[in-house]
Amino acid sequence: SNPSKLPPKSGKFKVIGQNNDGIVVRLYGMEDVIQVYGNEMKLETTKTIAFKNQDGPLQHIMLNKAGGVIFYLQQDKKYSLLWAQPVNSKFIEMGKPTLIDSIVDRRELVASNLRFKQSLDQSYTMIYYPYFSNTGRVEAIRFLSLDPGLKVAYNKIVQLNREEKELENSKTLIDNQGNVFMLLRPESSNGARYDVIRLDTQGEVANYSITTDKRLFNEPYFDVDNKNGNLVMAAFYDNGSSEDEPAASGYLFASFDPANGTPVKTTYTPFARQFIGELTGRENPTNLSLYTFSIRRCILRNDGGTLIVAESFIKDTRETVVPMGIQPGYNNYRPSEIFQYNDIVAFSVKPDGQLDWRSIMRKKQVSEDDNGAYSSFLVMNEKDRLRFLYLDDVSNNAVLNEYLLYSIGKTERNTLFNQEDRDLMLLPKMGKQISPNEMVIPSYRGNSLRLVKIIY
């Protein structure tokens, strides 16, 4: 696309997705602006969203085949009204908005804590909102379930009484039948436990716990396997072999009956010496642990297994010398945050938890004081293969590369283009797959936004 200057009141952006109208992008900040790009990446529509009774920023945008639905708040001192406004292809209102719910709470809390989650096939939308006590604990959570016609299937308040930190670290899922799962991890010294709140399609609540025998390293990954009907968990576990610091000793793969949490299969697989040797370049390593890797994605296999994708990440602080020009020989020191996003590893796991194959994809990305915005990678799923797109360096003249990862574990590295030749500064991890063979990556350079569409 051609460069587009960001409006003064809308300095952030997000690719929402694609429908029959084109690629939809939200610009936001003090104002919300919707942009729609056509097939040739020409900017077709720019619309500032400001409904008559709207207070604050938009809460959620749901795309239909054409147009969509925008959720927003109308707020008073003691309560907030959540509205859903259908819009056409130009994002102009179609008819009157639908009142979804009224929430009695402080307006600033409602605006910052309302959350939305859609099922994979977008047949259901789940909305949830926490209520806090005077001491900061989460007393209860309100859950709402909507069908595609914006009809409320249920509106339920579930009592909780949890620490706020547990909610911040919670995982929330919704399957294609409309069943909702909230997983909360309480403080636990032995292994890990996740308490699950499950609401079925009628809003009936069930509570159960998922436990592991070993302590977890970094955050686990949960998903609902819509095809095989399981709740799936993947994680790195820590055997406690390293006394100095936490470390990953291997991976855990588990599946559960989503209705009651009964384990279907749980497997702990230690990292093989050969794998650690390939990763570290050591012939016969004695330390078989990983220290910097976190699971970024899990991609479910059709047979009930999964692909675990992890990336090495290091955040550090160092002192940078700042010369004082007026006093030669004297310097100031400024702390700088260093972000390193390095190798990617993938483990293809069979339904029984056994390793099918593993793969290592090399990369090294180092940046300073940018929160790693231009680092990491974007995954494109082509069913029989995956594409991992990333910049080979965090600089103006970086090259956009890709790893092709085939379903048998074979990898192939390709060079796509030099971003400086096209006046780009790509943000791969903010990209989005918009069709089976297309993805869009935003570029931000000189306060200008551009979209790059890659077609295979």
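1. Asp343 comes out as buried, at 13% relative accessibility. Keep in mind that this is a predicted model. The side chain of Asp343 meets that of Arg362 in a salt bridge, 2.9 Å from N to O. Arg362 sits in the loop between strand 25 (355–361) and strand 26 (365–368), while Asp343 belongs to strand 24, so the contact ties together parts 19 residues apart in sequence. Unlike its partner, Arg362 counts as partly exposed, at 36% relative accessibility.

2. Strand 24 has another salt bridge worth a look. Lys315 and Glu337 pair through their side chains, with 3.5 Å between N and O. Lys315 is in strand 23 (residues 306–323) and Glu337 in strand 24 (residues 331–349), so here the parts tied together are 22 residues apart in sequence. Lys315 is partly exposed, with a relative accessible area of 47%. Glu337 is also partly exposed, at 33%.

3. Now for a pair with both ends buried: Asp101 and Arg142. They form a salt bridge whose closest N and O atoms are 3.5 Å apart. Asp101 is part of strand 9 (residues 98–104) and Arg142 part of strand 12 (residues 138–146), so this one links parts that are 41 residues apart in sequence. If you're setting up charges, the general background is simply that side chains of opposite charge can pair when their charged atoms come close.

4. How many salt bridges does a search of the whole structure find? The total is 23. Beyond the pairs above, there is a network of salt bridges that links Arg162, Glu166, Arg193 and Asp195.

5. On to strand 16, residues 192–199. Is this strand largely enclosed or largely open? Seven of its eight residues are buried, meaning under 20% relative accessible area, so strand 16 is largely enclosed by the rest of the structure.

6. The strand pairing fills in that picture. Strand 15 (residues 180–184) runs antiparallel to strand 16, and five bridges join the two. In that pairing, Val180 stands opposite Leu199 of strand 16. Strand 16 also pairs with strand 17 (residues 205–212), again in the antiparallel sense, over eight bridges. There, Arg198 is the residue opposite Ala206 in strand 17.

7. One backbone detail to check in the viewer: the hairpin of strand 16 and strand 17 has five residues between the strands, and Gly203 takes a positive phi near 90 degrees in this hairpin.

Methods. Residues numbered from 1 in each chain as written. Predicted model: local features only at pLDDT ≥ 70, side-chain atom pairs only at ≥ 80, totals over all residues. Heavy atoms only, no water. Salt bridge = Lys/Arg side-chain N within 4 Å of Asp/Glu carboxyl O. Helix = DSSP H or I, 4+ residues; strand = E, 2+ residues; numbered from the N terminus. Buried < 20%, exposed > 50% of the residue type's maximum accessible area, 1.4 Å probe, protein only. Pairing = 2+ DSSP bridges.
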